[in-house]
Amino acid sequence: MKHDNHTAKTLETHRRLLDYYGEPTLKERRDPLSELVVTILSQNTADVNTDRAYRALQQRFPAWEEVLAAPVEELAEAIRVAGLANIKAPRIRRILEDLQAEQGRLDLGFLEAMTVDEAKTYLMRLHGVGPKTAACVLLFSLHKPALPVDTHVLRVSRRVGLVPQKATAAKTEELLEAMLPPDAYYPFHLNVIRHGRTLCTAARPRCPECPLLAICNHAAAAGVQPAEAK
């Protein structure tokens, strides 16, 4: 961990969000391949649609071998509710094809024995898998220290001033991981997402109500006052 003003602010952000939202409930733990597919399904859609699409996929194709053997059009139809099905279906199919060709079986359990960097490198070699998707598999399935940076984590981190305004998602992941202890990655990630969905929203952030108001660069620049002070 680094020890500077940004680190102090990041740790304070984590503390304030824990005080405000509490310790997040642990997500359902899936095997790494299932988590990878769920993460792909979750891109640009709501959690409820992700869950519906994954259940529909499981019901229609109970085994990954059946997903691999099915026409991609049928795969797309099964996951239609998650949106962007014509992009996500070929992506899932390509990953399964690559795994079958490289490993001889449709399983990512071997990642468990790898270091974080090794597992992340392997995952990001798979078709369409970026840093956030890889980090989700590492954190939620394998419980390895990785901190996924989605649109909410990136927005909140920039606004509060934890990272530079122009920091990319990949750079933000690197910076946050350096500033937080590994056991904070899981609750920090989930609480910041919750914060980004409820108060620090993209269009109309509810700054006067925000538990981060006193330490937020965005609020300071806008001259926002606490709700009770108005």
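**Close-up 1. Arg 30 and the ring of Tyr 54 in the predicted model.** In this predicted model, the side chain of Arg 30 is placed over the face of Tyr 54, at a distance of 5.3 Å from the ring centre.

**Close-up 2. Lys 27 and the ring of Phe 140.** Lys 27 lies over the face of Phe 140, and the distance to the ring centre is 4.9 Å. Phe 140 itself counts as buried, because its relative accessibility is 4% and the limit for a buried residue is under 20%.

**Close-up 3. The aromatic pair of Phe 110 and Tyr 122.** A search of the whole structure finds three aromatic pairs, and one of them is formed by Phe 110 and Tyr 122, which meet edge-to-face with 5.1 Å from centre to centre and 90° between the planes. The pair links distant parts of the chain, since Phe 110 belongs to the loop between α6 (85–103) and α7 (116–125), whereas Tyr 122 belongs to helix α7, 12 residues apart. Tyr 122 has a relative accessible area of 6% and is therefore buried.

**Close-up 4. The aromatic pair of Phe 140 and Tyr 186.** The ring centres of Phe 140 and Tyr 186 are 5.3 Å apart and their planes stand at 85°, so this pair is edge-to-face. Phe 140 is in helix α8 (residues 131–141) and Tyr 186 is in helix α11 (residues 185–198), so that the pair, with its members 46 residues apart, links distant parts of the chain. Tyr 186 is buried, with a relative accessible area of 11%, and Phe 140, at 4% relative accessibility, is likewise counted as buried.

Terms used: Residues are numbered from 1 along each chain as its sequence is written. This is a predicted model: local features need pLDDT of at least 70, side-chain atom pairs count only at pLDDT 80 or more; totals for chains, interfaces and linings use all residues. Side-chain values use heavy atoms; hydrogens and water are left out. Rings of Phe, Tyr and Trp (its six-membered ring) pair if their centres lie within 6.5 Å; planes under 30 degrees apart count as stacked, over 60 as edge-to-face and the rest as tilted. Helices (H or I, at least four residues) and strands (E, at least two) are DSSP runs, numbered from the N terminus. Buried means under 20% relative accessible area, exposed over 50%, partly exposed in between (1.4 Å probe, protein chains only). A charge sits over a ring if NZ of Lys or CZ of Arg is within 6 Å of the ring centre and within 35 degrees of the ring normal.
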